[in-house]
Amino acid sequence: YRCALRGPRHLGFNPEPNQTGYKMMMAAKARGEKTAKVALVLGQDPMVWMISGSRVAPRFGPKPVDELAVAGGLRGKALDVVRCDTNDMLVPAHCEMVIEGEVPLDDASMEPEGPFGEMFGYLGPRKESNFVINVTRVTHREKPWLMNAFTGMQRGMLTAPMDALYEDFLKKRIPSLVEYQTPQYCMGVVFMSIDKTEPGEGLKSGKAIAKSNPIAKVVIVVDKDINILDPVEMLMAVGSRWQPYPAAEILDEAFGLMTDPSQVEYQKTSKIVIDATMQLPGEGGQDDFPLRNRTHLENSEPGIWEIVDTKFGEKLRNWKEV
């Protein structure tokens, strides 16, 4: 969660209402607690850092999930943990710095915050009332190495864990889904590929995402042979496989992300679904859609890429001799 340095022992703290941290604060307040204990961990190992910015456990599971245990599973080795000095929380033992503190839960302790740069690349709204952290202890290595994801610089956020979790959820609703991505370099646009077998499947799949994901203002659907992690391939598919009519649909009013600067009404936006799959005859497409040049090569010369790698891979490794 975003934290802002306010003083030597005072931090601003921003959990959004839909996030777990906010729900924890509200639950503690409902129990009558006056403060909530927290610990900020800086300088984790790469796997813990990678998943720390995304929800990695199912939100509707039968019981809470220990996300540090999930991190241990992903790294293939149990994560060593130690207890904090001023609370009972367990934190990674080999991190660079731990900031322990308390969040006051009374309304009088809340403070204004922002505006800050947001992920669309614009300043977000000023918040008149937000949480703060009173720091109780700081422990760290003698010369700590810290890595930060700076607010307003969206390229620093790793979304693979979030995309994987959302993809697992979507596959229950969209059986033909192959892959899903929220590219951080173009916030508001999402990519998905499907194994298309029937007319209308592209638009139907894209609308399912547009209706359920507030970030998805522009949804681009492609065939399974397109690498959605490659923006050049995605643009190629839009340019060569998409006909704006009839393979597009606009949703007049949908749930949008609150930090989108183009919104006229708060959290309301129009959206567009672009079906950049090869259109089938039942959708007005050609009886036989042309094959890509690459596909022709692969069909006529099986194993060609292994030959290229063998001949040119060694040359590239020893490029000074070329």
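Strands here are DSSP runs of E of at least two residues, and helices are runs of H or I of at least four, numbered from the N terminus. The model described is a predicted one.

## Strand S10 and its sheet

S10 covers residues 189–194. Are its residues buried or exposed? Six of the six are buried, so the strand is largely enclosed by the rest of the structure. The cut-off for buried is under 20% relative accessible area.

In a regular strand, side chains alternate between the two faces of the sheet. In S10, Val189, Phe191 and Ser193 point one way. Val190, Met192 and Ile194 point the other way. Both sets are buried.

Strands of a sheet pair through backbone hydrogen bonds, either parallel or antiparallel. S10 pairs with strand S9 (residues 177–181) in the antiparallel sense, over four bridges. Leu177 stands opposite Ile194 of S10 in this pairing. S10 also pairs with strand S11 (residues 218–223), and these two run parallel, joined by six bridges. Val189 has Val218 of S11 as its bridge partner. Ser193 stands opposite Val222 of S11.

Helix H5 (residues 201–212) belongs with this parallel pair: S10, H5 and S11 make a right-handed β-α-β unit.

How many strands form the open sheet, and in what order? There are five, arranged S9-S10-S11-S13-S12, with mixed pairing. S9 and strand S12 (248–255) stand at the edges. Each has a single partner strand, so one side of each is left without a neighbour in the sheet. From one strand to the next, the twist averages 20°.

## The second largest pocket

Rolling a probe the size of a water molecule over the atoms shows where empty space is left. The second largest pocket has a volume of about 150 Å³. Its lining holds 15 residues. Which of them lie nearest the centre of the pocket? They are Val82, Val91, Cys95, Val98 and Thr139.

Four strands each supply at least two lining residues: S4 (81–83), S5 (90–92), S6 (97–104) and S8 (127–140). S6 gives the most, with three residues. By type, the lining divides into eight nonpolar, two polar and five charged residues.

## Backbone exceptions

Most residues other than glycine have a negative phi, and most peptide bonds are trans. The two bonds below are cis.

| Cis peptide bond | Omega | Loop holding the proline |
|---|---|---|
| Gly114 to Pro115 | about 5° | between strand S7 (111–113) and S8 |
| Tyr245 to Pro246 | near 10° | between helix H6 (231–241) and S12 |

Pro115 thus leads back to the pocket: S8, which borders its loop, is one of the strands supplying lining residues. Pro246 leads back to the sheet: its loop ends at S12, an edge strand.

Which residue has a positive phi although it is not a glycine? Gln267 does, at about 60°. Gln267 is found in the loop between S12 and strand S13 (268–275). These two strands are also part of the open sheet. Gln267 is partly exposed, with a relative accessible area of 25%. By contrast, the residues of S10 are buried.

Terms used: Residues are numbered from 1 along each chain as its sequence is written. This is a predicted model: local features need pLDDT of at least 70, side-chain atom pairs count only at pLDDT 80 or more; totals for chains, interfaces and linings use all residues. Side-chain values use heavy atoms; hydrogens and water are left out. Buried means under 20% relative accessible area, exposed over 50%, partly exposed in between (1.4 Å probe, protein chains only). Two strands pair if DSSP finds at least two bridges between them. A crossover is right-handed if, with the strands pointing away from the viewer, the path from the first strand over the helix to the second runs clockwise. Axes are lines fitted to C-alpha atoms, for helices over the stretch in contact, and angles run from 0 to 180 degrees between N-to-C directions. On a 1 Å grid over the protein atoms alone, a cavity is a set of points where a 1.4 Å probe fits but cannot get out, and a pocket is an open set with protein on both sides within 12 Å along at least five of seven lines; lining residues have an atom within 4 Å of a point. Grid points are joined across faces, edges and corners, and a volume is the space filled by probe spheres set on the points. Ala, Val, Leu, Ile, Met, Phe, Trp, Tyr, Cys and Pro count as nonpolar, Asp, Glu, Lys and Arg as charged, and the others, Gly among them, as polar.
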